[in-house]
Every structure is written in structure tokens, then in C-alpha cells.
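Student: I have a model open on my screen and would like to understand the words people use to describe it. Could we go through them together?

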Amino acid sequence: MNNASHEEIRQLFNHADRILLASHVRPDGDAIGSLLGLGLSLEDAGKEVVMVLSDGVTANFRFMSGYEKICTKVSDDKSFDLVITLDASDPERIGNAIGNRNIDLNIDHHVTNLHFGKHNLVDPLATATSEILAEHLESWGLKFTKPIAEALLTGLITDTIGFRTSNMSPKALKLGAKLMEAGANLPDLYNKSLIDRSYAQINYWGYALEKMERKDRLVWTALTLADRKMAGYNGNDDADLNTLLSSIAECDVTVLFVEQNNHHVKVSWRSKPGFNVSELAFSFNGGGHPAAAGADIEGTLEEVKKDVLEKTTGYLKKITKGKINNGN
Ligand code: AMP
Ligand code: MN
Ligand code: MN
């Protein structure tokens with residue numbers, strides 16, 4: 001599971017003219033930020049760059065410079081010298097945007113990453129894929145401009161929910177400062193990516209909050225396709241409801257079910273320190289981080305809910321029992 005050296009990555013970029021970059025479905029700020037950060041810097045270096053997200057750019061991230069260059073599909077007959085994925089722990093996370101092309105370089109920070117690229121750069125200690133780029137871009141022969149710094153700082157801010165997740169490090173904070181020095185406006189990006197919300201988004205939350213349930217230290221709820229329609233919410237994601245749920249003090253783990261229209265349910269887990277939900281997500285073919293993980297599970301909402309709540313309850317019992325036996 002060796003990581004590529006920075007010299008190897010520099011050479012990959014040097015020898016490629018046409019470069020395809022992709023990130024994950026239901027993109028978050030880090031998916032879009034890392035895609036734009038690397039994509040724009042390669043473009044500035046004179047490369048022909050195609051950036052793709054199978055779900056496109058969510059409305060709340062359309063403040064990012066260059067977002068309109070991101071497309072939703074690349075035709076199968078177009079050839080590239082280099083194919084790169086960002087912020088994706090397995091190839092399925094990319095969706096159908098790049099067909100079945102082989103991945104040359106996989107840059108990511110998920111502990112569950114499958115190292116599926118020909119070359120891989122996976123750093124589970126990085127708070128965001130954008131952090132990895134902020135740290136190494138220059139050693140790969142690329143440069144920061146203001147839009148690139150803004151894209152990467154947005155990725156850093158969103159994946160750390162404003163520099164407050166438990167994996168936050170001095171290094172991430174220093175890299176944030178470096179991005180500010182390169183021209184990114186922290187308060188402006190913070191407000192745009194974490195604070196500003198649409199009426200439809202909050203309305204959508206309302207449907208889930210009404211159905212919220214709690215058993216011991218587990219809290220869960222669901223967003224259905226009908227809720228999405230009634231609220232007039234356009235995305236197929238959780239509208240960041242996970243952040244609100246994870247602020248509930250009386251629980252260790254929260255689970256959010258978001259019904260999808262392909263007989264699948266998107267499940268998100270969030271946990272407090274001492275609980276590792278990435279293993280639970282991985283057992284459902286998903287992935288993520290110890291404190292935030294997700295999976296796309298086939299079935300009806302009721303079927304998926306039953307299965308996931310059973311396994312999550314079992315996990316919580318096991319962990320809680322272990323803690324009691326250890327006397328902490
Ligand atoms: P989410 O619950 O979608 O906000 O995602 C939480 C974390 O889990 C993020 O780091 C995601 O990249 C990861 N994740 C979410 N869904 C999946 C999935 N289906 N497969 C692998 N990783 C996922
Ligand atoms: Mn992501
Ligand atoms: Mn990320």
C-alpha cells in the first residue's frame with residue numbers, strides 16, 4: 001500500500017498533456033474544492049484539463065471560481081494521458097462520469113481507501129484531500145493562484161466543519177493560513193460554505209426533524225423522496241442535516257437515511273470521539289472516517305433502516321460494554 005513519491009507525481013504531470021480529474025457523487029466542499037484546486041493549477045501549467053462530477057456542482061457551492069468548467073460526463077471515446085480521482089475511497093464513488101477508465105492516480109484522505117489507483121497518495125491523517133493538495137502542490141511543480149487557494153480553503157473548511165472536527169491538527173491550521181496568504185478570504189468562504197442556507201434546505205430538514213427518533217444514545221431519522229419534493233429541495237444529498245444531528249449532546253452516534261430514486265438509500269453515520277463508524281460503513285460496502293462515514297445501500301427505506309439500525313445498535317452495545325469493562 002505504498003504511496004507514490006512526490007517526484008513520481010511531478011513526473012506524471014510533466015509527461016501528461018490531457019488530464020481527466022474526477023471526484024465523488026453527491027459532492028461536498030472537499031470534492032469540489034480538491035477537483036478545482038488541482039484542475040485549475042494543472043490548467044495554469046498549460047495542460048488540457050477535464051474536470052467531472054457525475055452529480056454536477058451543488059447549488060450552494062456555485063460561488064467557487066471555475067465551477068462552470070466542471071462537467072457531468074466524459075464520452076467514452078475521448079482519450080486522456082492521465083486519469084486522477086480525488087477524495088474518493090473506492091472507484092464506485094465516482095459514479096458513472098468517467099466510464100470504466102483505469103485510474104492512474106488516486107489522491108485521498110479516507111482511512112478506508114482501497115488504493116485502487118496505479119499510483120496512490122492516501123493520507124488518512126490529512127483532514128481533507130484539499131489539505132494534501134495545499135501541502136504538496138508546489139512540490140509537484142504547480143502554483144497557487146487566488147481561485148486555487150479559495151477552492152482548497154473551502155475544502156479544508158467544509159471537511160473540518162470550520163476547523164473543529166476531532167482530527168483537526170496544527171498542520172491543517174498552518175496550511176489554512178498559507179491559503180489565506182495566497183489570497184483566500186476565510187470569513188467569506190466560511191460563511192458561504194457553512195453558514196448560508198436556503199429556505200428549501202431548512203424546510204427539508206423540518207421533515208426529517210419531525211420524524212427523529214432516539215433509543216439510548218443512538219439518534220436517527222430519514223429524508224424521503226416525498227420530503228424532498230414537498231420542500232422543493234433540488235439536491236439528492238442530506239442538505240447538511242448531518243451537521244445539525246451531530247450537535248445533539250445526548251447521543252454517541254447519529255444515523256441519517258436519505259432515500260434515493262434508484263432503489264437505494266444513502267446512509268450517513270456521525271459519531272462522538274471513542275466511536276468509529278467507518279468500520280460500520282465499510283461493512284455495508286461504504287467508507288469514510290472514524291467520526292463520519294457513509295454507504296449507499298440497496299433496498300427500500302424500511303429494509304435498509306431495519307438492517308442498519310440493528311447493526312449500529314449491536315456495534316454500540318459492543319463498544320459501550322468494552323468501555324464499562326475497561327473502567328472508562
Ligand atoms: P457523508 O455521510 O456522505 O457526509 O459522508 C461522510 C464520509 O463518508 C465522507 O468522507 C464520505 O466521503 C464517506 N462516504 C460517504 N458515502 C460513502 C460511500 N457510499 N462509500 C464510501 N465512502 C462514503
Ligand atoms: Mn468528500
Ligand atoms: Mn474529504
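Tutor: Gladly! Let us start with accessibility: a residue is buried under 20% relative accessible area, exposed over 50%, and partly exposed in between. Do keep in mind that this is a predicted model.

Student: Why is Glu48 called partly exposed?

Tutor: Its relative accessible area is 42%, and partly exposed is the class between the 20% and 50% limits. Therefore Glu48 counts as partly exposed.

Student: What makes Glu48 and Lys78 a salt bridge?

Tutor: The test is a side-chain nitrogen of Lys or Arg within 4 Å of a carboxyl oxygen of Asp or Glu. The side chains of Glu48 and Lys78 meet at 3.4 Å, N to O, so the pair passes the 4 Å limit. Glu48 sits in strand S2 (residues 48-52) and Lys78 in the loop between S3 and S4, so the bridge ties together parts 30 residues apart in sequence. Lys78, at 32% relative accessibility, is partly exposed.

Student: How do you know that Arg18 and Asp81 form a salt bridge?

Tutor: The reasoning runs along the same track: their N to O distance is 3.6 Å, and the limit is 4 Å. This pair links distant parts of the chain, with Arg18 in strand S1 and Asp81 in the loop between strand S3 (70-71) and S4, 63 residues apart. Arg18 is partly exposed at 31%, and Asp81 is partly exposed at 35%.

Student: What separates Glu150 and Lys146 in helix H4?

Tutor: About one helical turn, because they are four residues apart in helix H4. Their side chains meet in a salt bridge at 3.7 Å, N to O. Glu150 has a relative accessible area of 19%, and the buried class is under 20%, so Glu150 is buried. Lys146, at 47%, is partly exposed. Across the whole structure, the search finds 13 salt bridges.

Student: Let us move to the metals. What makes a residue a donor of the manganese ion (ligand 3)?

Tutor: A donor here is an N, O or S atom within 2.8 Å of the metal. Asp30 (OD), Asp87 (OD), His109 (NE2) and Asp159 (OD) coordinate this ion at 2.1 to 2.3 Å, so they meet the 2.8 Å limit. Along the chain their spacing is D-x56-D-x21-H-x49-D. Among these donors, Asp30 in helix H2 (residues 29-44) and His109 in the loop between strand S5 (105-108) and strand S6 (119-122) are 79 residues apart. Asp30 is buried at 0% relative accessibility, and His109 is buried at 1%.

Student: Which protein donors does the manganese ion (ligand 2) have?

Tutor: They are His24 (NE2), two OD entries from Asp28, and Asp87 (OD), lying 2.1 to 2.7 Å from the ion. The donor residues are spaced H-x3-D-x58-D. Asp28 lies in the loop between strand S1 (18-22) and H2, and Asp87 in the loop between strand S4 (82-86) and S5, so the two tie together parts 59 residues apart in sequence. Asp28 is partly exposed at 27%, whereas Asp87 is buried at 1%.

Student: Why is Asp87 said to bridge the two ions?

Tutor: Asp87 coordinates both the manganese ion (ligand 2) and the manganese ion (ligand 3), which are 3.6 Å apart.

Student: What makes a group of residues a nonpolar core?

Tutor: The members are buried nonpolar residues joined through side-chain atoms within 4.5 Å. The largest such core has 48 residues, and Phe13, Leu21, Leu38, Ile84 and Ile107 have the most contacts inside it. Helix H4 (residues 146-159) gives the most to this core, seven residues. Phe13 touches, among others, Leu38, Ile84 and Trp140. Apart from it lies another core of 23 residues, including Ala295 and Tyr315.

Student: How do you know that domain 1 and domain 2 are in contact?

Tutor: The domain assignment gives domain 1 (6-195) and domain 2 (199-325). The contact takes 13 residues from domain 1 and 14 residues from domain 2. Together they bury about 1100 Å², 52% of it on carbon and sulfur atoms. In domain 1, Arg26, Val111 and Thr112 lose the most area to domain 2. One salt bridge is counted between the domains. Asp296 and Arg26 meet in a salt bridge at 2.8 Å, N to O.

Terms used: Residues are numbered from 1 along each chain as its sequence is written. Chains are lettered from A and ligands numbered from 1 in the order in which they are written. This is a predicted model: local features need pLDDT of at least 70, side-chain atom pairs count only at pLDDT 80 or more; totals for chains, interfaces and linings use all residues. Side-chain values use heavy atoms; hydrogens and water are left out. Donors are N, O and S atoms within 2.8 Å of the metal (3.2 Å for Na, K and Ca); water is not among the atoms, so sites may look incomplete. Buried means under 20% relative accessible area, exposed over 50%, partly exposed in between (1.4 Å probe, protein chains only). Contact means heavy atoms within 4.5 Å. Domain bounds come from an automatic or database domain assignment. Buried area is the accessible area (1.4 Å probe) that two parts lose on being put together, summed over both. Lists of a residue's contacts leave out its neighbours within four places in sequence.
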